[in-house]
Amino acid sequence: MTVAQLTWSSSSFTWPKSQGVSKEADFLENIRRELFEKLQESITLGELYEITTNSLYESFKEAEKADWDGYGAEAIQRLTLENALQFINAMPSTLSPPEVIPEPDGEIGFEWFFSPHLQFSVSIGPTRKISYAGLFGTHKIHGEDYFEDEFPEFLVQILHRLLLKASKD
């Protein structure tokens with residue numbers, strides 16, 4: 001028997017990565033892929049994905065060779081690009097598109113900047129470790145975690161807090 005778990009909410013669309021090797025698992029994976037492509041075509045659900053993905057590929061092209069910044073920066077590895085793409089795919093559609101920034105340590109950063117005292121950034125590298133830091137007025141937050149196919153709920157809460165504060169300012 002093949003079982004698939006599909007989760008839909010107003011903030012995200014996810015399907016856990018298939019571990020199946022049967023024909024049925026392949027069939028379900030193809031359906032998932034087609035459904036996700038249709039959702040990306042939607043203006044509402046696809047805007048975050050399209051804008052952020054295009055920016056990701058531009059950043060990768062800019063930084064795929066060592067010393068891309070002229071100051072000894074590490075090249076962005078293809079595995080980092082793949083992890084960043086999975087991170088984007090998992091982002092809730094309720095978020096505003098972040099700025100995508102290649103980082104000198106070989107990671108890819110996602111930044112939501114509203115003012116010098118209202119900003120948040122997350123970076124991901126080849127190991128799927130995510131590092132984050134933010135300013136909310138006089139309050140600071142930072143830490144590390146690992147990305148495991150679903151967008152971390154604590155990041156959703158932090159980013160929604162940021163967007164709420166930005167809308168009041």
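The following paragraphs describe the fold of one protein chain, from its overall make-up to its sheet, helices and core.

The structure is a predicted model, and the confidence of the prediction is therefore considered before the fold itself. Across the protein chain the pLDDT averages 83, and 80% of the residues reach a score of at least 70. Residues 1-14 have a pLDDT below 50, although this stretch makes 29 contacts in the model beyond near neighbours in sequence. Where pLDDT is low, predicted coordinates should not be read in detail.

The protein chain contains four helices and seven strands, and these elements follow one another along the sequence in the pattern β-β-α-α-α-β-β-β-β-β-α. Of the 169 residues in the chain, 37% are buried. Among contacts with a separation of 6 or more, 48% are made by residues that lie 24 or more positions apart. The surface exposed by the protein chain comes to about 10200 Å², of which carbon and sulfur atoms supply 52%.

Five of the strands form an open sheet, in the order E3-E4-E5-E6-E7, with antiparallel pairing. The edges of this sheet are E3 and strand E7 (139-146), each of which pairs on one side only, and from one strand to the next the twist averages 15°. Helix H3 packs on the sheet, where it touches E4, E5 and E6, and the direction of H3 makes about 45° with that of E4. Helix H4 lies across E4, E5, E6 and E7, and runs at about 155° to E5.

The pairing within the sheet can be followed strand by strand. Strand E3, which spans residues 99-102, pairs with E4 in the antiparallel sense over four bridges, and within this pairing glutamate 99 has glutamate 111 of E4 as its bridge partner. The two strands form a hairpin with five residues between them, and glycine 106, which lies in the turn, has a positive phi of about 90°. On passing to the next pair, E4 and E5 run antiparallel and are joined by seven bridges, with isoleucine 108 standing opposite isoleucine 124 in E5; the hairpin that joins E4 to E5 does so through two residues. Strands E6 and E7 likewise run antiparallel, and eight bridges join them. In this pair leucine 135 stands opposite lysine 140 in E7, and the hairpin formed by E6 and E7 has two residues between the strands, with glycine 137 in the turn showing a positive phi of about 70°.

The sheet and the helices also contribute to the nonpolar interior. The largest nonpolar core has 33 residues, and those with the most contacts inside it are Phe87, Met91, Phe110, Trp112, Phe120, Phe151 and Leu155. Two or more residues of this core are given by each of helix H2 (43-63), helix H3 (78-90), strand E4 (108-115), strand E5 (118-124), strand E6 (129-136) and helix H4 (153-168). Methionine 91 offers an example of how residues from separate parts of the sequence meet: when residues up to four places away in sequence are not counted, methionine 91 touches Leu48, Pro98, Phe110, Trp112 and Phe151.

Notes: Residues numbered from 1 in each chain as written. Predicted model: local features only at pLDDT ≥ 70, side-chain atom pairs only at ≥ 80, totals over all residues. Heavy atoms only, no water. pLDDT = per-residue confidence, 0-100. Contact = heavy atoms within 4.5 Å. Buried < 20%, exposed > 50% of the residue type's maximum accessible area, 1.4 Å probe, protein only. Areas by Shrake-Rupley, 256 points an atom, 1.4 Å probe, with all protein chains shown as cover. Core = buried A, V, L, I, M, F, W, Y, C linked by side-chain atoms within 4.5 Å. Pairing = 2+ DSSP bridges. Axes fitted to C-alpha atoms, helices over the stretch in contact; angles between N-to-C directions.
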